[in-house]
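Student: I'm new to this structure and would like a close look at a single part of it. Could you pick one spot where helices and aromatic rings come together and walk me through it?

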Amino acid sequence: MRASSSRHPASLTVGICLVFLAGCGNPSDSGSDTGTSQNPAASSAVPVVTSTNVYGDIVERIGGGQVKVTSIISEPDQDPHSYEANTQNQLALTKAKVIVENGGGYDDFIDRMLKSSDNSSAEVVNAVKVSGKSAPAGAELNEHVWYDLPTVARLADRIAAALGEADPDGAATFTRNADAFRAELKPLETREAQIRTDHGGEPVAITEPVPLYMIEAGGLENATPEEFSEAIEEGDDVSPRTLRDTLALFTERRVEALVHNEQTSGPQTDRVEQAARTAGIPVVPVTETLPEGEDYIGWMTANVDALASALGK
């Protein structure tokens with residue numbers, strides 16, 4: 001989903017009760033606290049705020065028991081593009097020593113909150129900036145960089161450095177944990193390289209660009225009409241002609257799989273998914289946020305394995 005989506009007017013609803021931060025806000029409205037709040041040493045842990053639970057999990061893997069993480073977006077029905085911050089989010093941000101955001105327009109609510117948080121000392125880690133990626137000429141940046149394994153490896157090192165600055169005594173531990181995390185990414189990169197060897201150049205379809213970095217790493221060709229995936233990402237209606245062209249990918253069996261973002265379904269994506277299933281073309285479901293009970297490595301392993309299985313190996 002694109003941050004400029006016209007269907008989601010973004011607004012910051014911090015309001016006047018910021019004056020009473022400690023007493024305002026409903027706990028059910030806040031982002032999940034996925035850190036070490038139950039740990040007796042939590043009071044000395046580094047307070048970290050992440051925009052989504054994807055980054056929250058990565059920070060926890062690197063910080064171990066020495067971080068207390070608040071992930072603002074932690075539920076599959078929460079859309080970063082339309083998220084309205086609450087006072088508990090704002091309070092967590094004012095106390096954070098490290099903040100991890102995606103950037104690239106994906107989670108602008110973090111930057112809006114930072115402007116009113118009076119916390120200029122926090123170290124802000126921007127995943128898109130860490131990636132070094134920029135928009136191709138005449139095209140939009142694909143901001144879903146957590147599906148790009150080399151970016152996540154670099155991000156792990158950057159997070160370790162930020163945590164080390166906040167807690168110099170733990171720096172060696174953070175670096176060691178980041179090294180271990182990056183080692184766990186290697187088999188995933190090897191799996192993607194094997195997909196490229198076995199299926200490089202094969203066409204697949206998507207509903208929107210969320211999984212494109214994984215698809216590109218596997219050497220696969222995105223055959224989806226750009227007008228379709230852009231309209232779905234923007235929350236716009238797909239033109240009848242574009243929808244017809246997209247459905248033809250399946251009725252004429254011109255793609256090997258459909259990689260479908262389960263978190264943005266609607267009548268038009270439902271038609272595309274049904275067309276794929278009717279034609280016997282495998283559907284690979286993916287999500288933007290971390291499913292409950294899973295960690296980043298397990299989640300991405302399942303995604304890559306599902307793609308490989310759909311392609312026949």
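**Around two buried rings**

Tutor: Let's start with two residues: Phe 181 is buried, and Tyr 296 is buried too. Keep in mind that this is a predicted model. For Tyr 296, the relative accessibility is 0%, which is why this residue counts as buried.

How do the two rings sit relative to each other? A pair of aromatic rings is described by how far apart the centres are and by the angle between the planes. For Phe 181 and Tyr 296, the ring centres are 6.1 Å apart and the planes stand at 45°, so this pair is tilted. The pair ties together distant parts of the chain: Phe 181 belongs to helix 6 and Tyr 296 to helix 11, with their positions 115 residues apart.

Now follow Tyr 296 to another partner, Trp 299. Here the ring centres are again 6.1 Å apart, but the planes are at 75°, so Tyr 296 and Trp 299 form an edge-to-face pair. These two are 3 residues apart in helix 11, so about one helical turn separates them. Trp 299 has 2% relative accessibility, so Trp 299 counts as buried as well.

Step back a little and you'll find a cluster. Ring pairs link Phe 181, Tyr 296 and Trp 299 with Tyr 55, Tyr 106, Trp 146 and Tyr 147. The count of aromatic pairs comes to 6.

What about the helices that carry our starting pair? Helix 6 covers residues 171-199 and helix 11 covers residues 296-311. They pack at an angle of about 10°, and their axes are 10 Å apart. Angles under 35 degrees count as roughly parallel, so helix 6 and helix 11 are roughly parallel to each other.

Phe 181 and Tyr 296 both take part in that helix contact. From helix 6, the other residues involved are Glu 184, Leu 185, Leu 188, Arg 191, Glu 192, Ile 195 and His 199. Helix 11 also brings in Ile 297, Met 300, Thr 301, Val 304, Asp 305, Leu 307, Ala 308 and Leu 311. Sorted by class, the residues of this contact are 11 nonpolar, 2 polar and 4 charged.

So, to put the spot together: the tilted pair of Phe 181 and Tyr 296 joins helix 6 to helix 11, and Tyr 296 also pairs edge-to-face with Trp 299.

Notes
Residues are numbered from 1 along each chain as its sequence is written. This is a predicted model: local features need pLDDT of at least 70, side-chain atom pairs count only at pLDDT 80 or more; totals for chains, interfaces and linings use all residues. Side-chain values use heavy atoms; hydrogens and water are left out. Axes are lines fitted to C-alpha atoms, for helices over the stretch in contact, and angles run from 0 to 180 degrees between N-to-C directions. Helices (H or I, at least four residues) and strands (E, at least two) are DSSP runs, numbered from the N terminus. Angles under 35 degrees count as roughly parallel, over 145 as roughly antiparallel, 65 to 115 as roughly perpendicular and the rest as oblique. Contact means heavy atoms within 4.5 Å. Ala, Val, Leu, Ile, Met, Phe, Trp, Tyr, Cys and Pro count as nonpolar, Asp, Glu, Lys and Arg as charged, and the others, Gly among them, as polar. Rings of Phe, Tyr and Trp (its six-membered ring) pair if their centres lie within 6.5 Å; planes under 30 degrees apart count as stacked, over 60 as edge-to-face and the rest as tilted. Buried means under 20% relative accessible area, exposed over 50%, partly exposed in between (1.4 Å probe, protein chains only).
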